[in-house]
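Student: I have a chain open and want to test some labels against their cut-offs. Can we go through them one by one?

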Amino acid sequence: MSSYGLGHLTNLPDEDNQIARALGISYHPRWVLIRADGTEERGSGAIPGSIVTDALTPG
């Protein structure tokens, strides 16, 4: 993460890539946001703040 300048982001330790494989992530930097209802959004690079805000807004 630090080599991509993303060390400031919270990320899951996945030293053997089990989580990445399970989520279909084959390169970095990638992100997957899994909402409380089970729907997913995916992208590359930094996750847009608007997506995080929307995911955390009740309703």
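Tutor: Yes. This is a predicted model. Start with the salt bridges: the count comes to three.

Student: What makes the contact between Glu41 and Arg35 a salt bridge?

Tutor: The N to O distance is 2.3 Å. The cut-off is 4 Å between a side-chain nitrogen of Lys or Arg and a carboxyl oxygen of Asp or Glu, so the pair of Arg35 and Glu41 qualifies.

Student: Why is Glu41 called partly exposed?

Tutor: Its relative accessibility is 25%. Buried means under 20% and exposed means over 50%, so Glu41 falls in between.

Student: Which residue forms a salt bridge with Arg35 at 3.1 Å?

Tutor: Asp54 does, with 3.1 Å between the closest N and O atoms. That value is within 4 Å, so this pair also counts.

Student: Where do Arg35 and Asp54 sit along the chain?

Tutor: Arg35 is in the loop between strand E1 (30–34) and strand E2 (40–44). Asp54 is in helix H2 (residues 49–56). They are 19 residues apart, and the pair links distant parts of the chain.

Student: Is Asp54 buried, exposed or in between, and how do you know?

Tutor: Asp54 is at 45% relative accessibility. Exposed needs over 50% and buried needs under 20%, so Asp54 is partly exposed.

Student: What makes Arg42 and Glu40 a salt bridge?

Tutor: Their side chains meet at 2.9 Å, N to O. The limit is 4 Å, so the label holds. Arg42 has a relative accessible area of 38% and counts as partly exposed. Glu40 is partly exposed too, at 41%.

Student: Which residues do shared salt-bridge partners join into one network?

Tutor: Arg35, Glu41 and Asp54. Arg35 bridges to Glu41, and Arg35 also bridges to Asp54.

Student: How many helices and strands does the chain have?

Tutor: Two helices and two strands. From the N terminus on, their order is α-β-β-α.

Student: How do you know that E1 and E2 pair?

Tutor: Five bridges join them. Pairing needs at least two, so E1 and E2 pair. The two strands run antiparallel. One link to look at is Leu33, whose bridge partner in E2 is Glu41.

Student: How many residues lie between the strands of the hairpin, and which residue takes a positive phi there?

Tutor: Five residues lie between E1 and E2. Gly38 takes the positive phi, near 90 degrees.

Student: Which side chains of E1 are buried, and which are not?

Tutor: Trp31 and Leu33 point to one face and are buried. Arg30, Val32 and Ile34 point to the other face and are not buried. In a regular strand the side chains alternate between the two faces of the sheet.

Student: What makes the phi of Asn17 worth a look?

Tutor: It is positive, near 65 degrees, in a residue other than glycine. Most residues other than glycine have a negative phi. Asn17 lies in the segment before helix H1 (18–22). Its relative accessible area is 37%, which is neither under 20% nor over 50%, so Asn17 is partly exposed.

Student: Why is Ser26 called exposed?

Tutor: Ser26 is at 67% relative accessibility. The cut-off is over 50%, so Ser26 passes. Its place is in the loop between H1 and E1. The C-alpha atoms of Ser26 and Ser50 are separated by 25 Å, with their positions 24 residues apart along the chain.

Student: And why is Gly5 called partly exposed?

Tutor: Gly5 has a relative accessible area of 47%. Exposed needs over 50%, and buried needs under 20%, so Gly5 is partly exposed. Gly5 lies in the segment before H1. Gly5 and Gly45 are 40 residues apart along the chain, and their C-alpha atoms are separated by 10.0 Å.

Student: What share of the chain is buried?

Tutor: Buried residues make up 15% of the 59 residues. The accessible surface comes to about 4,600 Å², and 54% of that belongs to carbon and sulfur atoms. The C-alpha atoms fill a box of roughly 35 × 25 × 15 Å along the principal axes.

Note on methods
Residues are numbered from 1 along each chain as its sequence is written. This is a predicted model: local features need pLDDT of at least 70, side-chain atom pairs count only at pLDDT 80 or more; totals for chains, interfaces and linings use all residues. Side-chain values use heavy atoms; hydrogens and water are left out. Buried means under 20% relative accessible area, exposed over 50%, partly exposed in between (1.4 Å probe, protein chains only). Helices (H or I, at least four residues) and strands (E, at least two) are DSSP runs, numbered from the N terminus. Accessible areas come from the Shrake-Rupley method with a 1.4 Å probe; for residues, only the protein chains shown count as cover.
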